[in-house]
Amino acid sequence: MGFPSNGSEEKSLKFLIYGRTGWIGGLLGKLCTAQGIQFEYGSGRLENRSSLESDIAEVKPTHVFNAAGVTGRPNVDWCETHKVETIRANVVGTLTLADVCRERGLVVINFATGCIFEYDSGHTLGSGVGFKEEDTPNFIGSFYSKTKAMVEDLLRNYDNVCTLRVRMPISSDLSNPRNFITKISRYEKVVDIPNSMTILDELLPISIEMAKRNLTGIWNFTNPGVVSHNEILQMYKDYIDSDFTWKNFTLEEQAKVIVAPRSNNELDAGKLKKEFPELLSIKESLIKNVFKPNQKVKA
């Protein structure tokens, strides 16, 4: 499942990264700096083919990372009222980048979403049966998810694309408002549902390794297993703030305060675990990579 080598084994790596102002794009740049990997951020807009061609001609990358796109601010509800902008960034832009890179024999590491599934009769909550890479998305409750499912299906036809399904991303930076832990710790009420999630501190370095291996195809880019909102908030209370409290509400109650439904699911991370056996389960990774580094010493 690798793309034909573009000679990157023989020459030093150089990454072209889209998403300079985004959370994942920024973290990727820091990782490259720490690892001594040459990189530059793309200046072109994804939906502008000639600007992408100019970037590639100037940077001469060995691999391209796409961490750009629209998720909506403050959340995906934004996409419900900005549909053309969402299509332009998440569909037209992503496909244009994949197409330009294929013409030049370049692998694209595309950060996508796993929020295109929801628990169903074959993947029931608590069963431990997760959705696999080849499964057809069954969640189109939000326009954001609808566009993501659409572009993922089209990208299956591009043999130079490595699609990484990220879910509810978490990092050790608990001050970042995009961090899932930071989000739910600030909510007035939260639902309590087990979900697959992505610990960026552990998985982003793996994305760089995947580029080195020229891996392509679709990958569930989450830590194995699931964790519930309450379990995360209990860890937050145990490790970070012993005075922290929270309240729950039901999916029905949540539906009254959001515009678009949210996806809840378990993704099967077996394929990623087989390629990277050192990958920790979600709960192990939360403790090791997020909570212990931030642990407040009790007086």
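How many bridges join strand 4 to strand 5, and in which direction do these strands run relative to each other? The model is predicted; in it, 6 bridges link strand 4 (residues 107–113) with strand 5 (residues 161–166), and the two strands run parallel. One of the residues involved is Ala112, whose bridge partner in strand 5 is Arg165.

## The sheet

Strands 4 and 5 belong to an open sheet of 6 strands, paired in parallel and arranged in the order 2-1-3-4-5-6. The edges are formed by strand 2 (38–41) and strand 6 (217–220); each has a single partner strand, so one side of each is left without a neighbour in the sheet. From one strand to the next, the twist averages 20°.

## Helices on the sheet

Helix 2 (residues 49–59) packs on the sheet, where it touches strand 1 (14–18) and strand 2. The direction of helix 2 makes about 155° with that of strand 1.

Helix 7 (residues 200–212) lies across strand 1, strand 3 (63–66), strand 4, strand 5 and strand 6. Relative to strand 3, helix 7 runs at about 145°.

## Helix 8 and helix 11

Helix 8 (residues 229–239) and helix 11 (residues 282–294) have axes that come within 11 Å and cross at roughly 35°. The crossing of these two helices is right-handed. On the side of helix 8, the contact involves Glu231, Ile232, Met235, Tyr236 and Tyr239, which meet Lys283, Leu286, Ile287, Phe291 and Lys292 of helix 11. Classified by residue type, this contact comprises 7 nonpolar and 3 charged residues, with no polar ones.

Asn294 is also found in helix 11. The C-alpha atoms of Asn294 and Tyr239 lie 7.6 Å apart in space, although the two residues are 55 apart in sequence. When residues up to four places away in sequence are not counted, Asn294 touches Ser172, Leu174 and Ile240. Asn294 counts as partly exposed, because its relative accessibility of 22% falls between the limits of 20% for buried and 50% for exposed residues.

## Salt bridges

Across the whole structure, a search finds 14 salt bridges. One of them joins Arg45 to Glu47, with the closest N and O atoms 3.2 Å apart. Arg45 is exposed, at a relative accessible area of 59%, whereas Glu47 is partly exposed, at 26%.

The side chains of Glu152 and Arg156 also meet in a salt bridge, with an N to O distance of 3.8 Å. Which of the two categories, buried or exposed, applies to Glu152? Glu152 is buried, since its relative accessible area is 3% and the cut-off for burial is under 20%. Its partner Arg156 is partly exposed, with a relative accessible area of 38%. A further salt bridge links Arg213 and Glu209 at 3.0 Å, N to O. Arg213 is partly exposed, with a relative accessible area of 36%, and Glu209 likewise counts as partly exposed, at 26% relative accessibility. In addition, salt bridges with shared partners connect Arg49, Glu53, Asp99, Glu103 and Arg104 into one network.

Terms used
Residues numbered from 1 in each chain as written. Predicted model: local features only at pLDDT ≥ 70, side-chain atom pairs only at ≥ 80, totals over all residues. Heavy atoms only, no water. Axes fitted to C-alpha atoms, helices over the stretch in contact; angles between N-to-C directions. Helix = DSSP H or I, 4+ residues; strand = E, 2+ residues; numbered from the N terminus. Left-handed = near helix turned anticlockwise from the far one by under 90°. Contact = heavy atoms within 4.5 Å. Nonpolar A, V, L, I, M, F, W, Y, C, P; charged D, E, K, R; others polar. Pairing = 2+ DSSP bridges. Salt bridge = Lys/Arg side-chain N within 4 Å of Asp/Glu carboxyl O. Buried < 20%, exposed > 50% of the residue type's maximum accessible area, 1.4 Å probe, protein only.
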